Protein chains: 2
Amino acid sequence: MFFADLAARIDAIDSVLCIGLDTDRSRVPDHLRGADLPRWDFNRRIIDATSEFAAAYKPNTAFYEDVDGWRALEETIAYADGKEVPVILDAKRGDVGHTARQYAALLDRADAITVSPYMGRDSLEPFLSREDKGVFVLCRTSNPGGEDLQDAELASGEAVYERVAALADRWNANGNVGLVVGATVPDELEGVRETVPDLPFLIPGVGAQGGNAEAAVTHGLVDGVGLVNASRSVIYAGEERGRDGDGADFEKAAREAAKRLSKRLNRYR
Amino acid sequence: MFFADLAARIDAIDSVLCIGLDTDRSRVPDHLRGADLPRWDFNRRIIDATSEFAAAYKPNTAFYEDVDGWRALEETIAYADGKEVPVILDAKRGDVGHTARQYAALLDRADAITVSPYMGRDSLEPFLSREDKGVFVLCRTSNPGGEDLQDAELASGEAVYERVAALADRWNANGNVGLVVGATVPDELEGVRETVPDLPFLIPGVGAQGGNAEAAVTHGLVDGVGLVNASRSVIYAGEERGRDGDGADFEKAAREAAKRLSKRLNRYR
């Protein structure tokens, strides 16, 4: 069970930090560019440097959508798995039944996945039916455009994202569903928590996007289980230093950033 | 400009048929399984057999999400391009800005892409800003779960999918936006057409899903431009025959299925 494993991990390392591996080829430090798979080499070093504070890793598939990228992604997932850190594939998938079943094969590699609710239940069924895997449904996202559709008011008085939260709750027959709710919208975070007391949240937006860490922790966890994600603010923490120097201490900078953020989040747990 | 190129293609071959390359490894005929990239070998033969009737090809990325799959997909796109058939990548993407820019790189390879509206305008901006490329926004999808969220009634009286249609119309500053509306929901097709008279539709669901071909053509085209998609009913048309025989005439069966469907669609143009 994904959420039981995640709970054990959170307890073991005393951290709810999820680290997003949004590894942009153009931001891999120069001294790693000669590697066969620079993104994998970068991720391996980031994992070595930060796993002590990482309740989970979250590679976003967008950064791996090419031949070498998939190789790098597979190596990364296997490596995190070897370190016993759960991996959430940030894929935001969802498609008609026979196609969704193809996407669900992504879960053979990872422990959990993010999915889009727009196409409804049957588009998510192949994920939901994997009892051992976690399924995080996009609910209220952290980006400015999140309001375009998600905040629209329904005839029932709910916002679209609240309806999504209620649907996800209904889709949770296997106890493997969570929600993605952004730290940039703390009021909505609180509101969704009232609607669905039992679903753990995966909360992006506390790093580079400047979201509210206190609200994220206060409303995101259920029985202590939930994740607050930072991507760029951790993995590229050494970037400025690297540009002036030789880039070799990006691991140290990432480690410090992960440690700092993990401790900051712990203040509110 | 994607839609101008598509219009020229439709005129040149007198067909609005889009062929979905949902190439499942397990359904590639036995005699092709020994190839280095069976999916690419299959697609090449399907393209050779059907291009005369294909206004566009639409590979769904779900079927290519592994190392060999990305190689097969890249070869397939290049080959269709060499035959001057536009390629729509059915990816249903959409993510926060810096990530969406990564996904938008997918458009370097293809001529158009399908995207999900759930995360709003900024999540689609990197696609929308590619003036020369087509962007098909999911509106009312052909699957049963399409109703779960898309049919929800807003306080304004519109359904969610109608709001999406209106948003997409607003996002069409570059004249490169279309909508995905399923042939399985003919009433909704007609309604969306009334809401947005200017956006061409990409209409799945007339093949294996049993949708309404007449409604698809009647409401899907704008000045003759639009696409009606079939995937499995074309590319696997030879499957039954192949199971009994040697599987070698799957190309012929696909060609016949494409020709037949293209002509059927032409009755309503």
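Visitor: What makes strand E7 and strand E8 of chain A a pair?
Guide: In this predicted model, strand E7 (residues 201-203) and strand E8 (residues 227-230) of chain A are joined in the parallel sense over two bridges. Pairing requires at least two bridges, so E7 and E8 of chain A count as paired. In one of these bridges, A:Leu202 has A:Leu227 of E8(A) as its partner.

Visitor: Where does this pair sit in the sheet of chain A?
Guide: The open sheet has eight strands in the order E2-E1-E8-E7-E6-E5-E4-E3, and the pairing is parallel. Its neighbouring strands are turned by 30° against each other on average, direction ignored.

Visitor: Why are strand E2 and strand E3 of chain A called edge strands?
Guide: Strand E2 (56-59) and strand E3 (88-93) of chain A each pair on one side only. For E2(A), the partner is strand E1 (residues 17-21) of chain A, joined to E2(A) by four bridges and running parallel. The minimum for pairing is two bridges, so E1(A) and E2(A) qualify. A:Cys18 is bridged to A:Ala56 in E2(A).

Visitor: What lies between E1(A) and E2(A) in the β-α-β unit?
Guide: Helix H2 (residues 38-50) of chain A completes the unit with E1(A) and E2(A), and the unit is right-handed.

Visitor: How do you know that both faces of E2(A) are covered?
Guide: A:Ala56 and A:Lys58 on one side are buried, and so are A:Tyr57 and A:Pro59 on the other.

Visitor: What makes A:Lys92 buried or exposed?
Guide: A:Lys92 has 29 C-beta neighbours inside 10 Å. The threshold for burial is 20 or more, so A:Lys92 counts as buried. A:Lys92 belongs to strand E3 of chain A. A:Lys92 also has a positive phi of about 50°, although it is not a glycine. Most residues other than glycine have a negative phi.

Visitor: And B:Asp223, what makes that residue buried or exposed?
Guide: B:Asp223 has 9 C-beta neighbours inside 10 Å. A residue with 12 or fewer is exposed, so B:Asp223 counts as exposed. B:Asp223 lies in the loop between helix H9 (213-220) and strand E8 (227-230) of chain B. Its phi is positive, about 50°, although B:Asp223 is not a glycine.

Visitor: Which residues of helix H5 of chain A are buried, and what do they pack against?
Guide: In helix H5 (residues 121-128) of chain A, the buried residues are A:Ser123, A:Leu124, A:Pro126, A:Phe127 and A:Leu128. The buried residues of H5(A) pack against helix H4 (97-104), strand E4 (112-115), E5 and E6 of chain A.

Visitor: Which helix lies across strand E5 and strand E6 of chain A?
Guide: Helix H7 (residues 160-170) of chain A lies across strand E5 (134-140) and strand E6 (177-181), running at about 160° to E5(A).

Visitor: How do you know that the two copies are related as by a two-fold rotation axis?
Guide: Chain B superposes on chain A after a rotation of 180° with 0.0 Å of shift along its axis, at an RMSD of 0.0 Å. The two copies are therefore related as by a two-fold rotation axis.

Visitor: Why can one say that the copies meet through the same surface?
Guide: Because 100% of the interface residues of chain B are also interface residues in chain A, the copies meet through the same surface. In the interface, 44 residues of chain B are in contact with 44 residues of chain A. Elements giving two or more residues to the side of chain B that touches chain A include helix H3 (67-82) and helix H4 (97-104) of chain B. The residues of that side divide into 19 nonpolar, 13 polar and twelve charged.

Key. Residues are numbered from 1 along each chain as its sequence is written. Chains are lettered from A and ligands numbered from 1 in the order in which they are written. This is a predicted model: local features need pLDDT of at least 70, side-chain atom pairs count only at pLDDT 80 or more; totals for chains, interfaces and linings use all residues. Axes are lines fitted to C-alpha atoms, for helices over the stretch in contact, and angles run from 0 to 180 degrees between N-to-C directions. Two residues are in contact if their C-beta atoms, placed from the backbone, lie within 7 Å. A crossover is right-handed if, with the strands pointing away from the viewer, the path from the first strand over the helix to the second runs clockwise. Ala, Val, Leu, Ile, Met, Phe, Trp, Tyr, Cys and Pro count as nonpolar, Asp, Glu, Lys and Arg as charged, and the others, Gly among them, as polar. Copies are superposed by least squares on the C-alpha atoms of residues with pLDDT of at least 70 in both.
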